[in-house]
Structure formats: C-alpha cells, structure tokens
Amino acid sequence: MQEDSYRHKGMRQHLVQVLKDKGITDEAVLNAIGTVPRHVFLDSSFVEFAYQDKAFPIGSGQTISQPFTVATQSQLLCVTRGMKVLEIGTGSGYQACVLAQMGARVFTIERQRNLYMKTKPFLAEFPYNIRTFLGDGNKGLPTYAPFDRIIITAGAPEVPQSLIEQLKPGGIMVIPLNHDEDETTQHMLRLTKQTDGSLSREEFGDCKFVPMLKAIGRD
Ligand code: SAH
C-alpha cells in the first residue's frame, strides 16, 4: 500500500474543511474522511486528485464517488458503532472504509468480477471489519440479514424489494433513485422501515451515479 505522509494528512484535513463548508456536520463522518487515506484508492500518479472533491475513474468504466457524495450518504445513514451495514456497489472500496472507520460492520457487494477481484485483497490490507461479496446487489445478502442500514451507491431504477425485506424494523436505507424521465440522474432518498413494516420516505436533492445493473457482469 502507498505511504500516508504528513502531506497527505494535510490535504485530507483541507478536504474535511471543504466538506464542512458544503454543509456536512456529522463529526463521525468528517472524522472518518479525515482518517481514511483516499489517495491509496487511486493510482499513485493521480495523488493530486485524491483530495479534491471530485469523482474519479477507477477502471472498468466505474468511479470512486465524489467525497461530498460519500459524506452525504454516510451522514444520511446515521451510523453508530457496531451497526451491521450492507453496501451495494463496492467499487473502489472507499465508501466501505469510511463506514468501517465509523465503527460499522460492513458487508459490501460488487457485481463486476474484475473490480471484486481487485478490491477484495486491497480491503483486506486495512484493519477494518469489511466483508466483500461478488453478486447482484438487487438480491442483497439473505444469509447475513437483517441489516441496521443499507446504502446503495449506484443509480437504482426502483427500490429492490429484497433489500427492504433485509432491513431491520427501525432500519434506514439510503438510495439514489432514478428520475422517471431520465435514467442518468437520481434523487437521494432515505427510507426508514417502521415497526409495522411500512416505509417512511425523505428526499434530499439530486445526484448522479453510475447505473445499478442486474446480474453479474464483466463490463
Ligand atoms: N461505493 C463505491 C462507488 C461505487 S460506483 C466507492 O466507494 O468507490 C458503483 C458500483 O456499483 C460500481 O462498482 C458498479 O459495478 C456497482 N454495481 C452496479 N450495479 C450493481 C449491482 N446490481 N450489484 C452490485 N454492484 C453493482
């Protein structure tokens, strides 16, 4: 793994300030972003880009989400230590590390085999409680359910029914749901499962994610 120098730490603290200025207030989220070395998720030649508030290509046509997006989703999720969190869309593994740094026990699913093969051993180098799975996130992980929290990090055409079933009563799901008329942009939703099984729904503005696809792929 690439080294984490004082220079990197300084750049990270700057990024934390940028996120505060953009309205992120959850101290646990800010602390996690200030701790997880985002530059090691990027090729070493792109280190200058690692602490800018921008998404970045990670190969296989996928991106590491923009830090503001990671912070927003993590904040909406209201994670506390020890919670069991399911993430759909492992990608680079950065979001999983941020949640694990916040004390979550993370289960993360990726549908692209090549990304999964790359990210799984990479995440094993961190001292975090993260388990990686290859599969279709629409199906979730019934064997490990129920989860306190579910985070979807790809643009979803619908709320997958299996994932609702795998959420604990009182649990929260954060999901970027496609706009009806446009499959390339989403609105960020927070769904809370009530004790009677019904869902309450809050909306938090527009966002842009790569699409959530069905079945396992090599694309
Ligand atoms: N959370 C990632 C960003 C992910 S980008 C990070 O922190 O870097 C979205 C990811 O979702 C991509 O890697 C994509 O391959 C994956 N994905 C898309 N559809 C999926 C599905 N049905 N199941 C699991 N992963 C999926």
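Me: Helices are taken as DSSP runs of H or I with at least four residues, numbered from the N terminus. Which helix holds Thr72?

Reply: Thr72 sits in helix α4. Please note that the model is a predicted one.

Me: Is Thr72 buried or exposed?

Reply: Thr72 has a relative accessible area of 19%. Buried means under 20%, so Thr72 counts as buried.

Me: What does the side chain of Thr72 have a polar atom close to, at 2.6 Å?

Reply: The partner is the backbone oxygen of Phe68, which lies 2.6 Å from a polar atom of the Thr72 side chain.

Me: Turning to pockets, what volume does the largest pocket have?

Reply: The volume of the largest pocket is about 700 Å³. Its lining comprises 40 residues, and those nearest the centre are Ser65, Thr153, Ala154, Phe209 and Val210.

Me: Which elements each supply at least two residues of that lining?

Reply: Helices α4 (67-77) and α5 (94-101) do, together with strands β2 (62-64), β3 (84-88), β4 (105-110) and β9 (199-207).

Me: And how does the lining of the largest pocket divide by class?

Reply: There are 17 nonpolar and 17 polar residues, with six charged ones besides.

Me: How much space lies in the second largest pocket?

Reply: The second largest pocket holds about 230 Å³. It is lined by 14 residues, with Val40, Phe41, Leu42, Ile58 and Lys118 closest to the centre. Two or more lining residues come from each of β1 (56-59) and α6 (113-123); α6 gives the most, with four. By class, nine residues of this lining are nonpolar, three are polar and two are charged.

Me: Now the interior. Which residues of the largest nonpolar core touch the most other members?

Reply: They are Ile33, Phe41 and Leu99, in a core of 46 residues. Elements giving two or more residues to this core are α1 (6-21), α2 (27-35), β1, α4, α5, α6 and β7 (167-179). Helix α5 has the largest share, six residues.

Me: Phe41 again. What does Phe41 touch, not counting residues up to four places away in sequence?

Reply: With those neighbours left out, Phe41 touches Val36, Ile58, Ile64, Ser92, Gly93, Tyr94, Cys97, Phe122 and Phe126.

Me: Which residues are among those of the other core?

Reply: Leu86, Ile109, Ile150 and Leu189 are among them; that core has 20 residues and lies apart from the largest one.

Me: Why would nonpolar side chains be buried together?

Reply: That is a general tendency of nonpolar side chains in soluble globular proteins.

How values were computed:
Residues are numbered from 1 along each chain as its sequence is written. This is a predicted model: local features need pLDDT of at least 70, side-chain atom pairs count only at pLDDT 80 or more; totals for chains, interfaces and linings use all residues. Side-chain values use heavy atoms; hydrogens and water are left out. On a 1 Å grid over the protein atoms alone, a cavity is a set of points where a 1.4 Å probe fits but cannot get out, and a pocket is an open set with protein on both sides within 12 Å along at least five of seven lines; lining residues have an atom within 4 Å of a point. Grid points are joined across faces, edges and corners, and a volume is the space filled by probe spheres set on the points. Ala, Val, Leu, Ile, Met, Phe, Trp, Tyr, Cys and Pro count as nonpolar, Asp, Glu, Lys and Arg as charged, and the others, Gly among them, as polar. A nonpolar core is a set of buried Ala, Val, Leu, Ile, Met, Phe, Trp, Tyr and Cys residues joined through side-chain atoms within 4.5 Å. Buried means under 20% relative accessible area, exposed over 50%, partly exposed in between (1.4 Å probe, protein chains only). Contact means heavy atoms within 4.5 Å. A polar contact is a pair of N or O atoms within 3.5 Å; within protein, one must be able to donate a hydrogen and the other to accept it, and residues adjacent in sequence count only if both atoms are side-chain atoms.
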